[in-house]
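The exercises below ask the reader to work through a structure step by step, with a solution after each task. Please look at the sequence and the coordinates before reading the solutions.

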Amino acid sequence: MSERDDLLLETEQHEVSGILHWFTLDRRDFLKVFGGGLLVCAAAPSTLAQESGRARGGQQLPKDLDSWLHIAPDGRITVLTGKVEMGQNIRTSLAQQVAEELRAPFDQITMLMGDTDLVPWDVGTFGSQTTPRMAPILRNVAATARELLLDTAAQHWNADRSKLIARDGRVIDPSSNKSASYGELTQGQKLTSVIAANPPETPPANWQIAGTAKPKVNGRDFVTGKHQYPSDVIRPGVMYGKILRPPAFGAEIISAETKDAEAIPGVKVMSDGNFIGVAAPDPSSAERAVKAIKADWKVPPGPSNANLFEYLKQNVEQGREAPARSNVEQALAAAAIKLERTYTVQYIAHTPLEPRAAVAEWQGDKLTVWTGTQRPFGVRDELVEAFRISPDKVRVIMPDTGSGYGGKHTGDAAIEAARLAKAAGKPVKLVWTREEEFTWAYFRPAGVIEVRSGVNRDGTIVAWDFHNYNSGPAGIEPQYNIANKVAQYHPVKSPLRQGSYRALAATANNFARESHIDELANAIGMDSLAFRLKNLTDERVRAVLQAAADKFAWKSQKSSAQRGFGMACGTEKGGFYAACVEVEIVPTVRIRRVVIAFECGAVVNPNGVRNQTEGAIVQGIGGALFESIEFANGKVLNPHMHDYRVPRFRDMPEIEVVILDRKDLPSVGAGEAPICALAPAVANAIFAATGARIRHLPLAPRGVVPAEDNA
Amino acid sequence: MSALVLNVNGSERQVDVPPDESLLSVLRNSLQLTGTKYGCGEGQCGACTVLIDGRPVRSCRTPVSQAAGKKITTIEGLEQNGKLHPVQAAFLEQEALQCGYCTSGMILSTVALLNAIPNPTDDDIVRQMNGNVCRCGTYARILAAVKQAAQQSRRS
C-alpha cells in the first residue's frame, strides 16, 4: 500500500459521510481583502489535484484562481494555506521556507492558516503531509514572487535583470546602488501573477533561513496566555451550549421530558430525535438545564474488552486474499525455523488537552464557525451537508488549536454548536467536557495482527505472512528484504467509533513486526542488531539503526533480570527511525533511557524536529505501557483522566535524539514517524530482562509485567 | 446568583454568578481571562492552575466563592510593564511547548514551585509538577525551563 493510498484511506476513514451538495466556488477577490500589492495565485496545481483525490468525492476543484501569497505596500507578506497549526510548529517551518525563497526577512511573514473563506482549498493537516506537499507549493509561490519582483525592478530601473539581487526583502542593483523594498516595488498597484512552472529554487545546502532553529513565531502569545484557542473565542451575546449525551453508543431515545429545562430563565432547548441540546445565557444554567432533562434510552448490547479480539476476527469485512500466498507457503514449509504469533492492540484516545470546541454564529443565512479541527474544509463540507446550504455560506476558521494527534478530523462540536445557534438565534459556544471527549470522539483502532514467518539458519528471513485486522494498513510493509511476503489489512466493522491517530496503524504494525523480528532473532540465537542488519539493505534504515545503536552503545549493554535493552526500527511517512531503549523492572516497568535516531531528509527546523521527536516518544509511552479504553455494551468505562492514564513527568525517561540531516534529500514530515519505534523497542527490552514476551498493547496496564505473560 | 468581588491580578473585579460556579468558569466566561484553560474539570491535568495567595490551585475544582477576598494570579498577571516573568521567559527560550495549551498551567505551577523551593532538584520538579499534563510530551524542555528560571531567580 503506497503512502498516497494511506492518505486517501485515512481521509475516507474520517469522512462522516459523503458530500451531498457541491457548488463551484465563486472567484474570490482577494485584493478586496488585502488592498493593493502583489498577489500570487495559482490555478489548482497538480499536487493539489492529486491530493484531493477521492476526498472530494470525484468533484472538480474550484475553477477560480487560488491565492497563496500577498505582499502589501508596507512590505508585510501574508501567506495563505489551508494547513493548520496544532503544535507541530508548521506556522514557523512554512514561514521559514517562504522567507528563504522570497529572500525576505523571516519576521515580515505572516501565515494566514485554516480560514476557509480566505485560503486555498486543502484536504487537511494529517499524514505528515505539510512538509512534503504544502511546503513545495509555498516555496514555488515564493520563488515566483521573487522572480516577478526582479522583473519589475528591472523594468522600473531599466536595468540588466541578470545583475539584480533579491535580499532581505529588497531588490538591489549593485551596479547603480539602486535598491527598493518589495512593498515599494509594487507601488500599491494590484499586481497578480500565476505561479510559475519551475522557478529556480534554493537547494537545502544553500539554505539561510530554512534549516535553522527559528523559534516558534508567536511563542510569546502562548507564554502570556494571549493566544486565543478555539475554546477561547468570545462573540458578542454568545450563549453556552451543552448536549444531553446518550448513556452508550448506539442508544436510541425512547422519551424525553424537557419542561423543567425550558423553565430555566433564558434557556433554549433543541430536540431532534437522539439529539437533545440546550443553549443558555451562562455555563451554569446550561449545566442545570441538561441535568433537568429526564430522558429514557434504549441501549443495545455490544461487545466489551473481554471479547474484543474475538469480535474483531468475527466481523471482518474483507478477508484474506489468495494471490502470491503459495510462494509464502512454500517458503514457510522449507524454512529451518518457523514462528506463528498473534499481537493485539487496544483502542486508545488521543486526549488532546484542548477538547473539541466550537463557537457558531449565524448572520442571516451565513454561518461562521470557529473550531479546533485538522480539516477546516472537511468541517465546512460537514456543515454544508448538515444544514443543506451552499459552501460559500459557511466559513470555518481554525485558530491554532490545543493539539490534535489525528483526533480532530471531524466537525462534531461545530455541527452541534451551529445547530444550537440556529435554534437560539444567537452565537453559541460549545466546549466538550473531558468525559465527552473520552466517550464521543473517535479512537485509535484496536487490532489483531497475525504473523507467520520463516528464517534460515544463517539468519535470512525467507517467508513473511502478516495480517492486520481492523487497525489499518499504514506501516504494514516490512522494511526488510524478504523474498516471499504477504502483508494484508482486513477492515472490520468496529464496535467503537474509530479513526486516525498519530502515525495511524503504523504504531500497531510496527509493534507486531518489530516484536516478531526480535522473536525470530531470539529463535535462531542472533543479536537483535546483527539480525536486523543482515536482513536490511535500505541504506536509510541502516543509517538510523546504526546511529541509534552507536549512541546507545548497544554492543556493550547486557540485560539482566532488572534491566533490559531493546530496539526497533522502521520507515513511515517518508521518514526513517530507530530506537534503542533501556527499561528497568522494579518490578514496575520503567522506561529509563531512549535513544532515537531519526532522518526526515533535509531538516527545515532542527529545533522543531527535535521537539516533535521527543514529544512522539513521550506520547508513545502511554500507548506502549498503559493507555487503553475500557468499554462494555457500548459504554466507555474509564472516561476520565484519573482512570485513563496518560504519560506524566514521572514517566519521563532520559531521551536522546539523534537527527540525521540529509540536505541531499527532500524534506518530509516529522510529527508522526518516531512514535512507531517506542512500543516494540520497549516490548523487546522487557523480554530481554524478564523472558516475558508481551504481545499486546498496552504492555503493562497495571504497571508491572502482566502475570499471564510471565515466562 | 450573588455578587462577589474578586481580586484578580491586582484589580478588583465584581462578578454576579452562582457561588458554586467554578473559578475557572468565572475567569474565562465572566472576566474574559481565557489564558486559564479547561483541560479535564477534574483537577487531574493542571491546565487550569492559578495562584491564590501565591499557592497553586486547580481553578476547575475551586468554587468562586472560596476565591473571593483572596489574591488571584492568572497567566495574564505575570507579565509586568511588557516584561515577561522569568518563568515565562524561560519557557519561551527553552521552547518548552508545542501546542501551548498546558503552558499557562505549567508556568503558574512553576512560579508556585519556585516560591516554595527556590533551588529545586529534578526530583522536586517531577514531584511538584506531576499533576500538570503536557500531551505533546515536552516534559524534558519544561524541566529545563524550570531549572533555567530557578537559576535566573537566584541571580537576580
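## Exercise 1: the interface between the chains

In this predicted model, 58 residues of chain A are in contact with 52 residues of chain B. Determine how much area chain A and chain B bury between them, and which residues and elements of chain A contribute to the contact.

Solution. Begin with the area: chain A and chain B together bury about 4400 Å², and 53% of this lies on carbon and sulfur atoms. Turning to single residues, Val223(A), Leu353(A) and Phe649(A) account for 20% of the area that chain A buries against chain B, which is more than any other three residues supply.

Next, consider the polar side of the interface, where six salt bridges are found between chain A and chain B, along with 36 residue pairs in polar contact, both residues being at pLDDT 80 or more. One of the salt bridges links Asp232(A) to Lys37(B), with the closest N and O atoms 2.4 Å apart.

Finally, assign the contact to elements: α7 (219-223), α9 (283-292), β18 (428-431) and α18 (606-626) of chain A each give two or more residues to the side that touches chain B, and the largest share, eight residues, comes from α18(A).

## Exercise 2: a three-stranded sheet in chain A

Establish the strand order of the sheet that contains β6(A), and say which strands stand at its edges.

Solution. The three strands follow the order β5-β6-β7 in chain A, forming an open sheet with antiparallel pairing. Because β5 (165-167) and β7 (178-181) of chain A each have a single partner strand, they stand at the edges, and one side of each is left without a neighbour in the sheet. Neighbouring strands are turned against each other by 20 degrees on average, direction ignored.

As a further step, follow the pairing of β6 (residues 170-173) with β7(A), where four bridges join the antiparallel strands; in this pairing, Asp173(A) has Lys178(A) as its bridge partner. Helix α5 (residues 130-157) of chain A packs on the sheet and touches β5, β6 and β7 of chain A, its direction making about 45 degrees with that of β6(A).

## Exercise 3: the setting of Cys60(B)

Decide whether Cys60(B) is buried or exposed, and describe its surroundings.

Solution. Locate Cys60(B) in the loop between β4 (55-58) and α2 (64-67) of chain B. Its relative accessibility is 14%, and since buried means under 20%, Cys60(B) counts as buried. Leaving aside residues up to four places away in sequence, Cys60(B) touches Ser22(B), Leu24(B), Gly41(B), Glu42(B), Gly43(B) and Cys48(B).

How values were computed
Residues are numbered from 1 along each chain as its sequence is written. Chains are lettered from A and ligands numbered from 1 in the order in which they are written. This is a predicted model: local features need pLDDT of at least 70, side-chain atom pairs count only at pLDDT 80 or more; totals for chains, interfaces and linings use all residues. Side-chain values use heavy atoms; hydrogens and water are left out. Buried means under 20% relative accessible area, exposed over 50%, partly exposed in between (1.4 Å probe, protein chains only). Contact means heavy atoms within 4.5 Å. Two strands pair if DSSP finds at least two bridges between them. Axes are lines fitted to C-alpha atoms, for helices over the stretch in contact, and angles run from 0 to 180 degrees between N-to-C directions. Buried area is the accessible area (1.4 Å probe) that two parts lose on being put together, summed over both. A salt bridge is a side-chain nitrogen of Lys or Arg within 4 Å of a carboxyl oxygen of Asp or Glu. A polar contact is a pair of N or O atoms within 3.5 Å; within protein, one must be able to donate a hydrogen and the other to accept it, and residues adjacent in sequence count only if both atoms are side-chain atoms.
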